[in-house]
Amino acid sequence: MTFSHVIFDLDGTLLNTLEDLVLAGNHMCELHGWPTFTPDEYRYKIGNGQLKLVERLIPAEFAGDGRVFEQALAEYRAYYAEHKRDHTAPYDGILPLLDQLRDAGVTLAVLSNKDHAATEPLVREYFGERFALAQGRIDAFPPKPEPPITLHVLKELGADPSTTLYVGDSNVDVACGHNAGMRSCGVAWGFRGRAELEAAGADYVIEAPHKLLDIVLG
């Protein structure tokens, strides 16, 4: 076995959440009469957490206006909390992959920039008890790819970075793994695609979930 632990990103890696994120963001924009965005535009706005997403959706003339930001964030969170399951589902092949890794004795975890209040319920609902830990963004740590929250997860798991793989779909995820001393695997089926992952220096890039078995199990 090459890796004893695998930590996954959530959005764009395990779950296809794009449509629900688009609907929540555009709903917030429509409440204010602001421009809305296409799903392809959202692919490059998502990845740094809900606070950064909302910041990217707010028109430039309101940049730095704390009152506008807090109102928009509250509206986004309220809508997403109510509708985060409307269209979301695991990518094809993810559930068999997770079961095969667990059967082989690999410890699995999730580390997402999605707020923890949304991350933990989604992981539990769609994946049951497959993950030893599900960690979303919390105020105690800066969001990934800054290393503190990743190091916290590694400590909670009792995992050695040299035998832990971080798996995600964006340049943020590649940096997240590398910043904490792990190798990173990019998933080309996610929101960003192979070119970004390779440019970011991913140690591996895979096109389908089952390809991860060869990397992890050696």
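In this predicted model, helix H8 covers residues 171-179, and its buried residues are Val 172, Asp 173, Val 174, Cys 176 and Gly 177. That buried set has plenty of company: the residues pack against strands S4, S6 (164-168) and S7 (183-187), and against helices H7 (147-157) and H9 (194-199). As a reminder on helix geometry, an α-helix has 3.6 residues a turn, so residues three or four places apart point the same way. After H8 comes Gly 181, which has a positive phi, near 85°.

The N-terminal end of H8 is capped by Ser 170, with a side-chain oxygen sitting 3.2 Å from the backbone nitrogen of Val 172. Ser 170 itself belongs to the loop between S6 and H8. Its relative accessibility is just 4%, so Ser 170 counts as buried, the cut-off being under 20%. Leaving aside residues up to four places away in sequence, Ser 170 touches Arg 192, Glu 196 and Leu 197.

One of the buried residues of H8, Asp 173, also takes part in a salt bridge: its side chain meets that of Lys 144, at 2.8 Å from N to O. This pair links distant parts of the chain, as Lys 144 is in the loop between S5 and H7 while Asp 173 is in helix H8, 29 residues apart. Both partners are out of reach of the probe for the most part: Lys 144 is buried at 1% relative accessibility, and Asp 173 is buried with a relative accessible area of 2%.

The structure has 14 salt bridges in total. Another one is formed by the side chains of Asp 99 and Arg 130, which come to 2.7 Å, N to O. Asp 99 is part of helix H5, and Arg 130 is in the loop between helix H6 (116-127) and strand S5 (133-137), so this bridge ties together parts 31 residues apart in sequence. Here the partners are partly exposed, with relative accessibilities of 30% for Asp 99 and 22% for Arg 130.

Arg 137 lies in strand S5 and bridges to Asp 139, with the closest N and O atoms 3.0 Å apart. The two ends of this bridge sit in quite unlike settings: Arg 137 is buried, having a relative accessible area of 13%, whereas Asp 139 is exposed at 72%. The bridge is also part of something wider, since Arg 77, Asp 115, Arg 137 and Asp 139 are joined into one network by salt bridges that share partners. Beyond its sequence neighbours up to four places away, Arg 137 is in contact with Leu 51, Arg 77, Ser 112, Asn 113, Lys 114, Asp 115, His 116 and Pro 143. Two members of the network, Arg 77 and Asp 115, thus turn up in that contact list as well.

What about empty space inside the model? There is one cavity of 30 Å³ or more, and its volume comes to about 210 Å³. Lining this cavity are 19 residues, with Asp 11, Ile 46, Gly 47, Gly 49 and Lys 114 nearest its centre. Helix H3 (50-57) and strand S4 (107-115) are the elements that supply two or more residues to the lining, and S4 gives the largest share, three residues. Sorted by class, the lining is made up of five nonpolar, seven polar and seven charged residues. Lys 114, one of the residues nearest the centre of the cavity, is also among the residues that Arg 137 touches.

Finally, Tyr 91 occupies the loop between strand S3 (89-90) and helix H5 (94-103). Despite its loop position, Tyr 91 is buried, at 14% relative accessible area. Its contacts, not counting residues up to four places away in sequence, include a run from the early part of the chain, Gly 12, Thr 13, Leu 14, Leu 15 and Asn 16, together with Trp 189, Gly 190 and Phe 191. The C-alpha atom of Tyr 91 is also 9.6 Å from that of Ala 208, a residue 117 places away along the chain.

Definitions and conventions. Residues are numbered from 1 along each chain as its sequence is written. This is a predicted model: local features need pLDDT of at least 70, side-chain atom pairs count only at pLDDT 80 or more; totals for chains, interfaces and linings use all residues. Side-chain values use heavy atoms; hydrogens and water are left out. On a 1 Å grid over the protein atoms alone, a cavity is a set of points where a 1.4 Å probe fits but cannot get out, and a pocket is an open set with protein on both sides within 12 Å along at least five of seven lines; lining residues have an atom within 4 Å of a point. Grid points are joined across faces, edges and corners, and a volume is the space filled by probe spheres set on the points. Helices (H or I, at least four residues) and strands (E, at least two) are DSSP runs, numbered from the N terminus. Ala, Val, Leu, Ile, Met, Phe, Trp, Tyr, Cys and Pro count as nonpolar, Asp, Glu, Lys and Arg as charged, and the others, Gly among them, as polar. Buried means under 20% relative accessible area, exposed over 50%, partly exposed in between (1.4 Å probe, protein chains only). Contact means heavy atoms within 4.5 Å. A polar contact is a pair of N or O atoms within 3.5 Å; within protein, one must be able to donate a hydrogen and the other to accept it, and residues adjacent in sequence count only if both atoms are side-chain atoms. A salt bridge is a side-chain nitrogen of Lys or Arg within 4 Å of a carboxyl oxygen of Asp or Glu.
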